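Here are my notes for anyone opening this one for the first time. Have the viewer ready and go through the points in order.

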Amino acid sequence: MPVVLSDYITQTRRLLHDATGQFWSNSELTDYINQGRNRVAQDSKCLRQLLTGVTLSNNVENYSVSALTNGSRVIDIMGISIYWGNTRIKLQYKPWSQFDAEFRYWQNMQSRPIAFSRLGALTVYVGPKPDQNYTSDWDIAYLPEALVSDNTAEQIPDLFSSPVKYYAAYLAKFKEQSYGEAEMFKGEYNQNIMQIARSYMTRVIPDPYAY
């Protein structure tokens, strides 16, 4: 069964040895748990969505990330593909300085975009500037909705839920200024998230005919 908020609270209290809520209230732990869920999503990119039908407009090179479906919850653009006839063409990713030098030197140039870059966290540029409107797909990573009760659906997959309690316990102990215990829980979080990443990445054979 999916993990619910009360499960996370119980798991975190067990780590903190605070079963009766003497030191941390449920509302405080809920804040830490939601921060932990965000941290897991940022570190693992376990929440991804393919946004289809995003228009790259003629002669428009920059696009606001906050205008996408998930708004401010978008944390990364993993890739962009544009439709060209009956094909989808994957845009290259370039670091901003390289993109700026290679695709923005000629101000009037318009063509089919072949690359994209991020300027800060909220703006995406495509280059060259589109010479017409193009339909595109955006592969995005995003943050989960906050848990407010057991009725809130958990978006973090079960496989990635176990590190949350360690990060919540780390925040609780850090706030208490018990820095040694806080570092212990943070270390457990880091180890747990790496174990999950290895498990997730190595269970699929890239090409069964290559061996």
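Which side chain does the side chain of D137 meet in a polar contact at 3.4 Å? The partner is R88, through its own side chain. Keep in mind as you look that this is a predicted model. The rest of my notes follow.

1. Start with D137, since there is plenty to see around it. D137 sits in strand β10, which covers residues 134-142. Besides the R88 contact at 3.4 Å, its side chain also makes a polar contact with the side chain of Y83, at 3.0 Å. So you have an aspartate that counts as buried, because its relative accessibility is 5% and the cut-off for buried is under 20%.

2. Now look at what else surrounds D137. Setting aside neighbours within four places in sequence, its contacts include L50, L51, T52 and G53. G79, I80 and S81 are also in contact with D137, as are Y83 and R88. If you want to place the first group, strand β1 runs over 48-56.

3. Stepping back to the whole chain, you should find five helices and ten strands. The C-alpha trace spans about 65 × 45 × 35 Å along its principal axes. The radius of gyration is 21 Å, whereas a compact globule of 211 residues would come in near 17 Å.

4. What about the inside and the surface? Buried residues account for 41% of the 211 in the chain. The chain exposes about 12,100 Å², and carbon and sulfur atoms supply 49% of that area. Of the contacts with a separation of 6 or more, 68% are between residues 24 or more positions apart.

5. A quick word on charge. The chain carries 20 positive and 21 negative charges, and the mean positions of the two sets are 4 Å apart.

6. Next, some backbone details that deserve a look. Most peptide bonds are trans, and most residues other than glycine have a negative phi. The bond joining G127 and P128 is cis, with omega at about -10°. P128 belongs to the loop between β8 (123-127) and β9 (129-130).

7. Two residues other than glycine have a positive phi that I would check by eye. For K45, phi is near 55°, and the residue is in the loop between α2 (26-44) and β1 (48-56). K45 counts as partly exposed, at 24% relative accessibility. For N59, phi is near 65°. N59 is in the loop between β1 and β2 (62-64), and with a relative accessible area of 39% this residue is partly exposed too.

8. Where does S25 sit? Look in the loop between α1 (5-16) and α2. The side chain of S25 reaches the backbone nitrogen of E28 at 3.2 Å. S25 is partly exposed, with 34% relative accessibility. For a sense of distance across the model, S25 and F160 are 135 residues apart in sequence and 25 Å apart in space, going from C-alpha to C-alpha.

9. Last, have a look at Q98, which is in helix α3 (residues 96-103). Its relative accessible area is 33%, so Q98 is partly exposed. From the C-alpha of Q98 to that of S117 is 9.1 Å, with their positions 19 residues apart in sequence numbering.

Technical notes
Residues numbered from 1 in each chain as written. Predicted model: local features only at pLDDT ≥ 70, side-chain atom pairs only at ≥ 80, totals over all residues. Heavy atoms only, no water. Helix = DSSP H or I, 4+ residues; strand = E, 2+ residues; numbered from the N terminus. Rg over C-alpha atoms; globule rule 2.2 N^0.38 Å. Buried < 20%, exposed > 50% of the residue type's maximum accessible area, 1.4 Å probe, protein only. Contact = heavy atoms within 4.5 Å. Areas by Shrake-Rupley, 256 points an atom, 1.4 Å probe, with all protein chains shown as cover. Lys, Arg positive; Asp, Glu negative; His and termini not counted. Charge placed at Lys NZ, Arg CZ, Asp CG, Glu CD. Polar contact = N/O pair within 3.5 Å; in protein donor to acceptor, adjacent residues only side chain to side chain.
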